[in-house]
Amino acid sequence: MTSRKSVLVLGGSSDIGRATARAFAKAGYDVGLAGRDVGALEPDAADLRARYDVEVGVHTFDVLDTASFEGFVAGLPALPDVVISIVGLLGVQESAQSDLAQATAIMRSNYEGPALILGLFAEKFLGRGSGTLVGVSSVAGDRGRASNYVYGSAKAGFSAFLSGLRARASRGGVHVVTVKPGFVRTRMTEGMKLIGPLTVEAPVVGAEILRAVESKTDIVYVSGRWRLVMLIIKTLPEAVFKKLRF
């Protein structure tokens, strides 16, 4: 039986998920990788075991299958010390404006599913009296923009959920972290026009998540520039803001 700390990464096959799992494994954490396709997780699990000599497990998890959440948590070999939700769906704003199925998938993937699973783990952690929960939200949730308000609204809801959960859980020894990466160069953003100074690589996000967990930081803008950018955007008068084309 290992005495190392453990982390469960929900969305472990994503670029940010892989980078985060590697950062924690390098720091000596045992790792659980969870995602819809266990087969896609196995190569990464094998690499982490060989590279860092830690225990790595893989688990089937579908963020849209909320009815399976209680069974998923109960079926874990042990309650982890840290749970990180990186799952999400950017989707296509133009389609989501008229396609209810697309809008529903975006909203459920970025808010309903992540909030419900972290809330479930929060109850377990509060019963134990310790643990850290991390939700990867987005700067898109800081203010709704014409170009991505379906995605942004879901992330805004998730950020609000994490804020309230943090206030409640802190009284019971549980830490909750909100991470806002900004632009990240990943498969999900491939083809998008990214702004160089505001864009980071996935390993930077993984390293910042690890730092936030170990330093008990509450809210993380992975690129400090985003904190200033969003402060300016949030303070623009509505009459000015709604005329902007972004």
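Is Arg108 buried, partly exposed or exposed? In this predicted model, Arg108 has a relative accessibility of 26% and is therefore classed as partly exposed. The setting of this residue is taken up below, after a description of the chain as a whole and of the strand with which its secondary structure begins.

The protein chain comprises nine helices and nine strands. Of its 246 residues, 47% are counted as buried. Among contacts with a sequence separation of 6 or more, 69% are made by residues 24 or more positions apart.

Strand 1, formed by residues 6–10, is mostly covered, with five of its five residues buried. This covering applies to both faces of the strand: Ser6, Leu8 and Leu10 are buried on one side, and Val7 and Val9 are buried on the other. Strand 1 is paired with strand 2 (residues 30–35) in a parallel arrangement, and five bridges join the two. Within this pairing, Val9 is placed opposite Leu33 of strand 2. Strand 1 also pairs with strand 4 (residues 82–85), again in the parallel sense, over four bridges. Here Leu8 is the residue that stands opposite Val83 of strand 4. Together with helix 1 (residues 15–26), strands 1 and 2 form a β-α-β unit of right-handed sense.

Helix 2 (residues 38–52) contains 15 residues and spans 21 Å from its first C-alpha to its last, close to the 21 Å expected at 1.5 Å a residue. At its start, a side-chain oxygen of Asp37 comes to within 3.0 Å of the backbone nitrogen of Gly39. At the other end, the helix is followed by Asp53, which has a positive phi, near 55°. Leu41, Ala45 and Leu48 are buried in helix 2. The packing partners of the buried residues of this helix are helix 1, strand 2 and strand 3 (56–60).

Charged side chains provide further links. Side chains of opposite charge can pair when their charged atoms come close. The total in this model is 10 salt bridges. One of them joins the side chains of Asp47 and Arg22, with an N to O distance of 2.8 Å. This pair connects distant parts of the chain, as Asp47 belongs to helix 2 and Arg22 to helix 1, 25 residues apart. Both partners are partly exposed: the relative accessible area is 25% for Asp47 and 36% for Arg22.

A salt bridge is also formed by Arg108 and Glu112, whose closest N and O atoms lie 2.6 Å apart. The two residues are four positions apart in helix 5 (residues 100–128), and the separation between them is therefore about one helical turn. Like Arg108, at 26% relative accessibility, Glu112 is partly exposed, at 30%.

Helix 5 contributes to another salt bridge, in which the closest N and O atoms of Glu123 and Arg168 are 2.8 Å apart. Because Glu123 lies in helix 5 and Arg168 in helix 6 (residues 149–169), this pair ties together parts of the chain that are 45 residues apart in sequence. Glu123 is partly exposed, having a relative accessible area of 42%; Arg168 is likewise partly exposed, at 41%. In addition, Asp15, Arg18 and Asp44 are joined into one network by salt bridges that share partners.

A polar side chain in a buried setting is found at Ser137, in the loop between strand 5 (131–136) and helix 6. With a relative accessibility of 3%, Ser137 falls under the 20% cut-off and so counts as buried. Its side chain reaches the backbone oxygen of Lys155 at 3.1 Å. A polar contact of 2.6 Å is also made between the side chains of Ser137 and Ser159. When residues up to four places away in sequence are left out, the residues touched by Ser137 are Lys155, Phe158, Ser159, Thr178, Val179 and Pro181.

Terms used:
Residues are numbered from 1 along each chain as its sequence is written. This is a predicted model: local features need pLDDT of at least 70, side-chain atom pairs count only at pLDDT 80 or more; totals for chains, interfaces and linings use all residues. Side-chain values use heavy atoms; hydrogens and water are left out. Buried means under 20% relative accessible area, exposed over 50%, partly exposed in between (1.4 Å probe, protein chains only). Two strands pair if DSSP finds at least two bridges between them. A crossover is right-handed if, with the strands pointing away from the viewer, the path from the first strand over the helix to the second runs clockwise. A salt bridge is a side-chain nitrogen of Lys or Arg within 4 Å of a carboxyl oxygen of Asp or Glu. The expected span of a helix is 1.5 Å times one less than its number of residues. Contact means heavy atoms within 4.5 Å. A polar contact is a pair of N or O atoms within 3.5 Å; within protein, one must be able to donate a hydrogen and the other to accept it, and residues adjacent in sequence count only if both atoms are side-chain atoms.
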